[in-house]
Every structure is written in C-alpha cells, then in structure tokens.
Amino acid sequence: MAAGWDWGSGEGLLGLDSPEEWDGAFERGEDHLGTAAIGLAFNCALEEASPRIVRAMRLPDAAQRGFAFTAAGTAARLNGELTPELFAALRAEGPGRKSIAVNAINDTLDYVPFRQLPLWLKWWTLVSKVQDKLETWRLEATYAVSDGWKALRRRR
C-alpha cells in the first residue's frame with residue numbers, strides 16, 4: 001500500500017495522482033482500477049490520465065468498466081475537452097441510451113464545446129434531440145388518451 005491507496009478495498013483511490021502507480025497496479029492485476037482511473041481524472045493532466053482511462057474501459061469487471069466511463073465524464077467536466085483516444089473509446093462503446101457510456105457522453109456534450117466535438121458526436125447530439133422530442137410526443141399522447149378514458153368513465 002503506497003500513499004494511502006488500498007488496492008484491495010479501493011480505499012483512497014479517488015485521490016490517486018500517480019499514473020505510474022496505476023500502471024503498476026494494472027500489471028499486477030489489482031482490483032478497483034476503474035475507481036483509480038477516476039482519481040487520475042481528478043488529479044492528473046488529461047494527457048497522463050487518458051491512456052489509463054481507456055485501458056480501464058476494457059477491464060473484464062463491468063462495474064470497474066463503468067467507473068472508467070465515469071472517469072471519462074469527469075475528465076470532460078474538469079478539462080472541457082477529451083483526447084482523441086477517449087473520443088474513440090466512447091464511440092466504440094456507442095452512444096445509445098442503453099450504453100455503459102451514456103453518462104460519459106452526456107457529460108462530454110455538456111462540458112466540451114460543440115466545435116471541439118468529433119463529427120459522430122455532433123450527429124449524436126441531433127439524433128438524441130430528435131429521440132427526446134419523439135418520446136415527449138409519445139408520452140403526451142399517452143397521457144391525453146388516458147385522461148380521455150378517465151373522463152369518459154366518470155360520465156357513466
């Protein structure tokens with residue numbers, strides 16, 4: 001255990017500020033690498049954290065992969081940009097609503113200037129707005145029909 005980082009329990013890993021320590025833990029096959037990737041996003045330069053976050057996105061443990069995507073969203077929030085490698089990893093996972101990357105992509109859309117987004121993500125912005133509008137219309141129609149049936153039943 002170095003500098004208060006407990007790889008067994010994950011304790012203190014949000015404070016991880018050493019990419020070399022993360023690399024060593026990765027080589028040793030330690031647990032909580034996704035959690036530690038969030039720490040790197042908080043405490044290191046984007047260029048240092050990015051390759052580790054991308055590696056954590058490929059971990060076999062689904063929970064730790066989820067934390068790696070949280071780290072990507074955190075990096076977008078803190079830096080207002082992402083590296084080409086992180087954009088590629090987000091694209092590979094897919095931007096759909098059931099994707100593990102959905103929150104990271106939403107953070108990216110919220111915190112990275114539109115002009116800095118890759119073309120695929122600019123298109124996704126348009127697609128998601130259309131999907132949101134269609135879902136709104138569907139719900140409004142459903143509620144209108146439901147309210148109509150309730151009104152008819154009360155009249156009887």
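A residue is called buried when its relative accessible area is under 20%, exposed when that area is over 50%, and partly exposed in between. The exercises below apply this to a predicted model.

**Exercise 1.** Decide whether Asp-107 is buried or exposed, and find which residues it touches.

*Solution.* Begin by locating Asp-107, which is found in helix α6, a helix that covers residues 102–111. Next, take its relative accessible area, which is 14%, and because buried means under 20%, Asp-107 is buried. Then look at its surroundings: leaving aside residues up to four places away in sequence, Asp-107 touches Gly-73, Ala-76, Arg-77 and Val-112. With Arg-77 there is also a polar contact between the two side chains, at 3.1 Å.

**Exercise 2.** Classify the aromatic pair formed by Trp-22 and Phe-26, and compare the burial of its two members.

*Solution.* First, the count of aromatic pairs comes to 1. In this pair the ring centres of Trp-22 and Phe-26 lie 5.4 Å apart and the planes meet at 15°, and because planes under 30 degrees apart count as stacked, the pair is stacked. Both residues belong to helix α1 (residues 19–28), where, being 4 residues apart, they are separated by about one helical turn. Finally, Trp-22 is buried, with a relative accessible area of 0%, whereas Phe-26 is partly exposed, at 29%.

**Exercise 3.** Describe where Leu-126 lies and which surface patch it helps to make.

*Solution.* Leu-126 has its place in helix α7, residues 119–155. Its relative accessible area of 46% makes Leu-126 partly exposed. Together with Leu-119, Trp-123, Val-130, Leu-134 and Trp-137, Leu-126 makes a nonpolar surface patch of about 680 Å².

Technical notes
Residues numbered from 1 in each chain as written. Predicted model: local features only at pLDDT ≥ 70, side-chain atom pairs only at ≥ 80, totals over all residues. Heavy atoms only, no water. Helix = DSSP H or I, 4+ residues; strand = E, 2+ residues; numbered from the N terminus. Buried < 20%, exposed > 50% of the residue type's maximum accessible area, 1.4 Å probe, protein only. Polar contact = N/O pair within 3.5 Å; in protein donor to acceptor, adjacent residues only side chain to side chain. Contact = heavy atoms within 4.5 Å. Patch = residues over 30% accessible without salt bridge, like charges linked within 9 Å, V, L, I, M, F, W, Y side chains within 5 Å. Areas by Shrake-Rupley, 256 points an atom, 1.4 Å probe, with all protein chains shown as cover. Salt bridge = Lys/Arg side-chain N within 4 Å of Asp/Glu carboxyl O. Phe/Tyr/Trp six-rings, centres within 6.5 Å; stacked < 30°, edge-to-face > 60°.
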